[in-house]
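I opened the notebook to record what I looked up in this model, entry by entry. The sequence and coordinates come first, and my notes follow.

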Amino acid sequence: MLRHIKANPLPVVIFTVFLDLVGFGILIPVIPQLLANPASEFYLLPTGFTLSQGYIMLGFLVAIFPFMQFFATPILGQLSDKFGRKNILAISLIGTCLSYLLFAFGIITKNIPLLFLSRAFDGITGGNISVAQAAIADVTTKENRTKAFGLIGAAFGFGFIIGPYIGGKISDPAVISWFNAATPFWFAAILSAINISLVFLFFPETNQHIQHTLKINWLKSIKNIMHAYTIKNLRNLFLVNFLFQGGFAFYTTFAAVFLISRFHFTSGNIGDFFAYAGLWIAITQGLITRKVSARFSEMAVLRYTLFLCGVVLLCYFIPTVWWQLLFIVPFFAMNMGLSQANMAGLVSRLADPKIQGEVLGINFSVQALAQSIPAAASGFIAAQMGPNTPVVVSATIMIFAAAVFWASFRK
């Protein structure tokens, strides 16, 4: 049985991707309590700091991870070509484990700079999705590769359901008295340690063409962004994706703060809310997307879902009690799930088959940059115009992305 596990790296790769999203999801209900909710017992800002300054810190704390990942992910992919998938994946997971420990220690000691250091460090070492995808490409045929990448997508979605739920529950003292804001990060560190053990014990080296002489392009991410403009049939789509992902980043950065300020949500409530939204995204990607794609092209779907994402998000301001949101969330989640799946599909379809890998790398760089800049900007916007404003900005940018898509792909 062990030899069978060792011969198949997919379970370890899938667990790695799952853990990445669990770690990201854990942050969602906890970070706002640290910097943007003075009523929380976990609030870390010392006397003399204003809530507006807390909003700005929150934006930068969320932004620093994708910003560092923007630079690091293409480099990790190249390093795995040069030194092997197993070595780089193990180093990456060790960095992730250490970053969770640093974050937990930062909470306990109320050391805000340590929180930033932790997220930056995880951004540098945690961009292992490129290594995971490369490992899958190493061991699958072209016919089975899409199915294998689908498993990664499922792990991605399941991790986003579990992560916020865990983060909300095991940071809530009302569940168990000794739970606090640091508990989810101790838990995530333990999961990372288990994952490291699995890599060392059961993950075989999948790269049979290690290039020890490969010269690392340290500015690959910047060149990706510059190159995005030169691919004529894709540059407008990259722009649409940048706007759409940027709008979503405004939402994810301040959605929890919106729920706190409007409905007085606790960390447990926030975790439940995002797990509920993640469940609908998973249902969309697992069931609805397949049925829709059988009848409509990616372009036809995106013409409507990009616009509806923005419109439905504005509907978040209609409910006067929290439970009314439960009827709106599925429509937003379904349009988000359809938009993300069909955007990736359209990028792949329009790309020359000879440069598929390069185009997907460029698209990842576009998304990482889109997730960092708006997250940082959202803190300043909330500080100047209120904590609910980033959600309005998010909806506006998504609607603008839809308008650019319509203008660019009228035929």
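Is K110 buried or exposed? I find that K110 is exposed, with a relative accessible area of 57%, where exposed means over 50%, buried under 20% and partly exposed in between, computed with a 1.4 Å probe on protein chains only.

Before going on, I note that this is a predicted model, in which local features need pLDDT of at least 70 and side-chain atom pairs count only at pLDDT 80 or more, while totals for chains, interfaces and linings use all residues. Residues are numbered from 1 along each chain as its sequence is written, and side-chain values use heavy atoms, with hydrogens and water left out.

**Entry: backbone at two loop residues**

I located K110 in the loop between α4 and α5, helices here being DSSP runs of H or I with at least four residues, strands being E runs of at least two, and both numbered from the N terminus. K110 comes just after α4 and takes a positive phi of about 55°, although it is not a glycine. For reference, most residues other than glycine have a negative phi. I then looked up H264, which has a positive phi of about 60° and is likewise not a glycine. H264 sits in the loop between α10 and α11 (267–295), and its relative accessibility of 66% makes it count as exposed.

**Entry: α4 against α5**

I checked the length of α4 before its packing: at 1.5 Å a residue its 25 residues should span 36 Å, and the end C-alpha atoms are 36 Å apart, which agrees, the expected span being 1.5 Å times one less than the number of residues. Helix α4 (residues 85–109) packs with helix α5 (residues 112–125) at an angle of about 170°, the axes lying 8 Å apart. The axes are lines fitted to C-alpha atoms, over the stretch in contact for helices, and the angles run from 0 to 180 degrees between N-to-C directions. That angle makes α4 roughly antiparallel to α5, since angles over 145 degrees count as roughly antiparallel, under 35 as roughly parallel, 65 to 115 as roughly perpendicular and the rest as oblique. In the contact, which means heavy atoms within 4.5 Å, I find among others L98, L102 and F105 of α4 and L115, R119 and D122 of α5. By class, the contact of α4 with α5 has eight nonpolar, seven polar and two charged residues, with Ala, Val, Leu, Ile, Met, Phe, Trp, Tyr, Cys and Pro counted as nonpolar, Asp, Glu, Lys and Arg as charged, and the others, Gly among them, as polar.

**Entry: α2 against α8**

I found that helix α2 (residues 10–35) and helix α8 (residues 183–202) also pack at about 170°, with their axes 10 Å apart, which makes α2 roughly antiparallel to α8. The residues in contact include F15, L19 and I26 of α2 together with F185, L191 and L198 of α8. This contact of α2 with α8 divides into 14 nonpolar, three polar and no charged residues.

**Entry: aromatic pairs**

Searching the whole structure, I obtained 25 aromatic pairs, where rings of Phe, Tyr and Trp (its six-membered ring) pair if their centres lie within 6.5 Å, and planes under 30 degrees apart count as stacked, over 60 as edge-to-face and the rest as tilted. One of them joins F258 and Y316 in a tilted arrangement, 6.5 Å centre to centre with 45° between the planes. F258 lies in helix α10 (residues 232–263) and Y316 in the loop between α12 (298–314) and α13 (329–350), so the pair ties together parts 58 residues apart in sequence. Both F258 and Y316 are buried. F273 and F274 form an edge-to-face pair, 5.6 Å centre to centre with 85° between the planes, and F273 and F274 are both buried. Ring pairs link a cluster that includes F258, Y316, F273 and F274, along with W322.

**Entry: buried positions and long-range neighbours**

I placed Q69 in helix α3 (residues 51–83), where it counts as buried at 12% relative accessibility. Q69 and G123 are 54 residues apart in sequence, yet 4.5 Å apart in space, C-alpha to C-alpha. I216, in the loop between α8 and α9 (220–228), is buried with a relative accessible area of 12%. Leaving out residues up to four places away in sequence, I216 touches I75, Q78, L79 and K82.
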